[in-house]
Amino acid sequence: VSTQSTGFDSHIVTYRNILIESFTFSSLPHTLSLRDMIYFLCHFVGMIYPMYASYKAIESNEKSDDTQWLMYWVCFATFSLLESFSDVIIFWIPLYYELKLVFLVALQWPSLRLPERIYQMAVKPQMDVYGPKLDKVIDDIRKEGVGKIVSVVQETIESFTKSKQTPTDKAKDAINKKLS
């Protein structure tokens, strides 16, 4: 399989070069666990190479690579948002960060076209439904400024403290309330 058809070999070389040239593991504290290292690698793999590849895409004259990396960042942001709501549960999942690392590499593997598939099947349908509501909230914030942000945060906190729901249910309800 050629490098051109998968792009995988170039990913490995790029990751290796970035690791060697800009970061040495000897500078890490020796108290880091394997889980901490995998957690670090998830952030490194999920952001450093995609940031560089996005820069290269912006600087190129081709539009398709821009779209590819925009879809990656939308998928990454969606995944990160979902992950932030479920971090209490994630802590208990064995090999979670190892699986996340594999998922992040798969997102970047060009021949899989995973960001495009996730975007088309999961993100776009939700944004088609909630996009107009989000536009209204964003317009309100632009018109009313910081005061609107503060009131939204205060209402969200109040709804969390008054309800006996789980934190995840509270977050979902607060978001749905703001979007409706």
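Just after helix α7, G145 takes a positive phi of about 75 degrees. The model is a predicted one, with a mean pLDDT of 80 for the protein, and 74% of its residues reach 70 or more. The protein holds nine helices and zero strands. Of its 180 residues, 24% are buried.

**Fold and confidence**

- Read along the sequence, the pattern of elements is α-α-α-α-α-α-α-α-α.
- Confidence varies between the elements: helix α1 (residues 3–6) has the lowest mean pLDDT, 47, and α6 has the highest, 93.

**Helix α7**

- Helix α7 covers residues 114–144 and has 31 residues.
- The end C-alpha atoms of α7 are only 39 Å apart, whereas a straight helix would reach 45 Å at 1.5 Å a residue.
- The helix has a kink of about 50 degrees at Y130, shortly before the proline P132.
- The buried positions in α7 include P115, V123, G131 and D140.
- D140 has a relative accessible area of 17%, and it counts as buried because the cut-off is under 20%.
- D140 forms a salt bridge with K136, with the closest N and O atoms 3.1 Å apart.
- D140 and K136 are four residues apart in α7, so about one helical turn separates them.
- In general, an α-helix has 3.6 residues a turn, so residues three or four places apart point the same way.
- The partner K136 is exposed, at 53% relative accessibility, while D140 is buried.

**Helix α6 and its link to α4**

- Helix α6 runs over residues 96–108.
- The 13 residues of α6 should span 18 Å at 1.5 Å a residue, and the end C-alpha atoms are 19 Å apart, which agrees.
- The buried residues of α6 are Y96, Y97, K100, L101, L104, A106, L107 and Q108.
- K100 meets E83 in a salt bridge between side chains, at 3.0 Å from N to O.
- E83 lies in helix α4 and K100 in α6, so this pair ties together parts that are 17 residues apart in sequence.
- Both partners of this bridge, E83 and K100, are buried.

**Salt bridges overall**

- The structure holds five salt bridges; among them are E83 with K100, D140 with K136, and R113 with E116.
- In the bridge between R113 and E116, the N to O distance is 2.5 Å.
- R113 is partly exposed at 48% relative accessibility, and E116 is partly exposed with a relative accessible area of 32%.

**Loop residues with positive phi**

- L95 has a positive phi of about 60 degrees although it is not a glycine.
- L95 lies in the loop between α5 (87–90) and α6.
- With a relative accessible area of 55%, L95 is exposed.
- R113 has a phi near 55 degrees, also a positive value in a residue other than glycine.
- R113 is found in the loop between α6 and α7, and the side chain of R113 takes part in the salt bridge with E116.

**Surface patch**

- L81, F85 and I175 form a nonpolar patch on the surface.
- Together, the residues of this patch have about 260 Å² of accessible area.
- L81 has its place in helix α4, which covers residues 64–85.
- Helix α4 also contains E83, a buried residue that meets K100 in a salt bridge.

How values were computed. Residues are numbered from 1 along each chain as its sequence is written. Side-chain values use heavy atoms; hydrogens and water are left out. Patches are made of residues with over 30% relative accessible area and no salt bridge: like charges are joined within 9 Å, nonpolar side chains (Val, Leu, Ile, Met, Phe, Trp, Tyr) within 5 Å. Accessible areas come from the Shrake-Rupley method with a 1.4 Å probe; for residues, only the protein chains shown count as cover. A salt bridge is a side-chain nitrogen of Lys or Arg within 4 Å of a carboxyl oxygen of Asp or Glu. Helices (H or I, at least four residues) and strands (E, at least two) are DSSP runs, numbered from the N terminus. Buried means under 20% relative accessible area, exposed over 50%, partly exposed in between (1.4 Å probe, protein chains only). The expected span of a helix is 1.5 Å times one less than its number of residues. The bend at a residue is the angle between axes fitted to the seven residues ending there and the seven starting there. pLDDT is the predictor's confidence in each residue, from 0 to 100.
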